[in-house]
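Below is a colleague's note, set out in numbered points, on the enclosed spaces, the helices and the backbone exceptions of this structure. Please read it with the coordinates open.

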Amino acid sequence: MLPSQALLPAVVFALTALRALASDTFLAAVYEHAVILPPATQEPVPPSDALALMNKNMDVLEVAIKEAAQQGAHIIMTPEDGIYGWQFTRESIYPYLEDIPDPVVNWIPCTDPSRFGPRPVQERLSCMARNNSIYVVANIGDKKPCDSSDPSCPRDGRYQYNTDVVFDTQGKLVARYHKYNLFRSETQFDYPKEPEAVTFETPFGKFGIFTCFDILFYEPAVVLVSKMQVDTVLFPTAWMNVLPFLTAIEFHSAWAMGMRVNLLLANTHNTTKAMTGSGLFTPEGPAAYHYDSDTEEGRLLLAELSAHPRLSPTYPPAINWSLYATSIKKFPGENNTFSGTVRKDIFTFRELRHKDGNYTVCQGDLCCHLVYQLSNKTRDEIYVLGAFDGLHGSLIKYHWQICTLLKCPSTNLSTCGQPVETAQTKFEMFSLSGTFGTSYVFPEVLYSGVQLAPGEFEVLRDGRLKSKHGTSKPLVTATLFGRLYEKD
C-alpha cells in the first residue's frame, strides 16, 4: 500500500487527466426499439426460453449500439422493457430477472462473468459497452432474496424491481436504479423501500437516471435536477401517448425546457399500445426527435449536446411562471365558459369566437390568460382556452395546474378535450400565461400531425408562452403544464 503522501500526486494527476479528457459537448444516441414480446402466459417459462427471447432483443439492440458507436456516440439509451417486454405476472417474469449488484462492487461482467454467478444479460450488455467503447443504458429486472426477518418481504421470498443499469466504456457497471413510481399495471414489480437518487460522473457531464412514470413526481425527478444538479437525465420509458398534453415528444421536450436540463428519452415502439416518441431534448428545445404511429420499425437518433448546459451562453434564464398573469389588474370577463373533460379531468373552457381576442378563464386558484390573432380560420375548426386546477389520476393522484389553447375534434363543443392530431388553422400570434402556484411549469406547443415547433416559440421571463413569428404549421395545442408536487 502506498503511503498517503504518495497518493496525493496520483490523485491530482488523475483529476488533471480527467479534466483534459472532458468535453464541452458530447454525442448522444437513443434507440426506439420495437420489442420482440414473449407469449402471454401466467406460468413461468424455462430460463433457457427466457434467455433466448432476451437475446433476440439484445441482437437488435447490439446492432443499434454498434452503429451509434461507429458514428462517434459517447452514450446510447435503450428503452424501458426493451429486453423482454411487459406481458407478465409476478410469477411469469421471474425467469427473466437477474440479481444486479450495487455498482460499488467495481465489477466488469464482460471480463469477470463468474464473480457473482451466471449473469448472462449483464455480461452481454457489459461486453456491448466494452467492445464498442460506449456507455450503454438498459432496462432489465432485478431480483433480491429476502426472508421473514424482513417484515416487508413478499410471500415468495424475493423483491422484484424494474431496474435501469449503466455500463461505461470499459463495461463496468456504474449505475443501478430501481423504479420508484410504478405504473398501475406493473404488478410484477415491487416498490423500493425508499426513493433512489442515482447519479454518475462522466468526462462529458454529470448524469442522473429514472424511469417512465417517475418523471411526473418530485422524487426522484425534481430531486436529481434541482438538488443533485445533474447535467443530463437518462430516461428509459414505455410511454403510451395520450393527447392533448401527454404525448412522449410533447411532454418530455417541455419537461427538459421547464427543468432546464438535457433529457435523453428512449421509448419502446408498439403501435397497438400507442407507444412511440423518442428524442434528445435540451433546455432550448429538441435536438432530435422521432414519432411514428404508422410502422413497426425501430429508430436510432443521434445529436450533439452541451455537456454542461448550465454553463452554456444560451442557457435560458429562470422563469417566474406567474409574474405576468398576476400583474393583470383586471381580467377580461369570463362570460360564456363551459365545462369539458380531458381524460376524466373537468376543465373550464372558453371558445375563441373571433379572429383575435384577449380572454381569461379561471378554475380554483388558477386563471389562464390568452391574447391571440388567427391568420386563417377554417369554419369547421373550433379552438378553446382551458384551465384545470386539481388532482389527476385514479389509484395515484397528483396535482396539475394547466393552461391550454387547444383545438376541438369537431364543432360540437362537447368534444373539446378529446384527442385530436390534425388541424388546418394557423395563428399570427398567441401569448399564453397563468397565475401558477408552482415554479415547475412545462411549456408545450404541438403542431398538426404530432409535430413539435422548435425555434418557433419562446417563454419570457415573466411566464408568457409566446409564438415568435406566427405558427408555420396548423396548431393543435399550446399548453403550460404545471405540477404542484406539494398538493399530491
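1. A definition comes before the rest: the domain bounds used here come from an automatic or database domain assignment. With those bounds, domain 1 (25-311) and domain 2 (322-487) both contribute residues to the lining of the second largest cavity, so this cavity lies between them. The model is a predicted one, and every remark that follows should be read with that in mind.

2. How many cavities of 30 Å³ or more are there? The count comes to two. The largest holds about 50 Å³ of space, and its lining is made up of Pro 38, Pro 39, Thr 41, Glu 43, Val 45, Gln 87, Phe 88, Ser 92 and Tyr 96. Sorted by class, these lining residues are five nonpolar, three polar and one charged.

3. The second largest cavity, the one placed between the domains, has about 30 Å³ of space. It is lined by Val 242, Leu 243, Pro 244, Phe 245, Leu 246, Val 342, Arg 343 and Trp 400, and by class this lining has seven nonpolar residues, no polar ones and one charged residue. Pro 244, one of the lining residues, also deserves a look for its backbone, since the peptide bond that joins Leu 243 to Pro 244 is cis, with omega near 10°; Pro 244 sits in the loop between β8 and α5.

4. Turning to the open spaces, the largest pocket contains about 840 Å³. Its lining comprises 31 residues, and those nearest the centre of the pocket are Phe 183, Arg 184, Ser 185, Phe 213 and Met 240. The lining divides into 16 nonpolar, six polar and nine charged residues. Both domain 1 (25-311) and domain 2 (322-487) supply residues to it, so the largest pocket lies between the two domains.

5. The second largest pocket offers about 640 Å³ of space. It is lined by 35 residues, of which Met 257, Gly 258, Arg 260, Pro 283 and Pro 316 are the closest to its centre. At least two lining residues come from each of α4, α5, β11 (285-290), β20 and β22 (457-459), and α5 gives the most, with seven residues. By class the lining has 21 nonpolar, seven polar and seven charged residues. This pocket, too, lies between domain 1 (25-311) and domain 2 (322-487), because both give residues to its lining.

6. Helix α4 (residues 218-227), which contributes to that second pocket, has Pro 220, Ala 221, Val 222, Val 223, Leu 224 and Val 225 buried. Among the elements that cover these buried residues are β5 (173-178), β6 (198-202), β7 (205-209), β8 (232-237) and α5 (248-259). Pro 220 is itself part of α4, and the peptide bond leading into it from Glu 219 is cis, with omega near 5°. Just after the helix, Gln 229 adopts a positive phi of about 55°.

7. Does the length of helix α3 (residues 120-132) agree or disagree with what its 13 residues should span? At 1.5 Å a residue the helix should span 18 Å, and its end C-alpha atoms are 18 Å apart, so the two agree. Within α3, the buried residues are Val 121, Gln 122, Arg 124, Leu 125, Ser 126, Cys 127, Met 128, Ala 129 and Asn 132, and they pack against α2 (47-70), β3 (135-145) and β4 (158-167). Ser 133 follows the helix and has a positive phi, near 50°.

8. The remaining backbone exceptions are best judged against the usual pattern, in which most residues other than glycine have a negative phi and most peptide bonds are trans. Lys 344 is not a glycine and yet has a positive phi of about 75°; it is found in the loop between β13 (337-342) and β14 (345-351). Val 450, likewise not a glycine, has a positive phi of about 55° and is found in the loop between β20 (441-447) and β21 (451-452).

9. Are these two residues buried or exposed? Lys 344 is exposed, with a relative accessible area of 78%, whereas Val 450 is buried, at 3%. The cut-offs behind those words are over 50% for exposed and under 20% for buried.

Technical notes: Residues numbered from 1 in each chain as written. Predicted model: local features only at pLDDT ≥ 70, side-chain atom pairs only at ≥ 80, totals over all residues. Heavy atoms only, no water. 1 Å grid on protein atoms, 1.4 Å probe; cavity = no way out; pocket = protein on both sides within 12 Å on 5 of 7 lines; lining within 4 Å. Points joined across faces, edges and corners; volume = space filled by probe spheres on them. Nonpolar A, V, L, I, M, F, W, Y, C, P; charged D, E, K, R; others polar. Buried < 20%, exposed > 50% of the residue type's maximum accessible area, 1.4 Å probe, protein only. Helix = DSSP H or I, 4+ residues; strand = E, 2+ residues; numbered from the N terminus. Contact = heavy atoms within 4.5 Å. Expected span 1.5 Å × (residues − 1).
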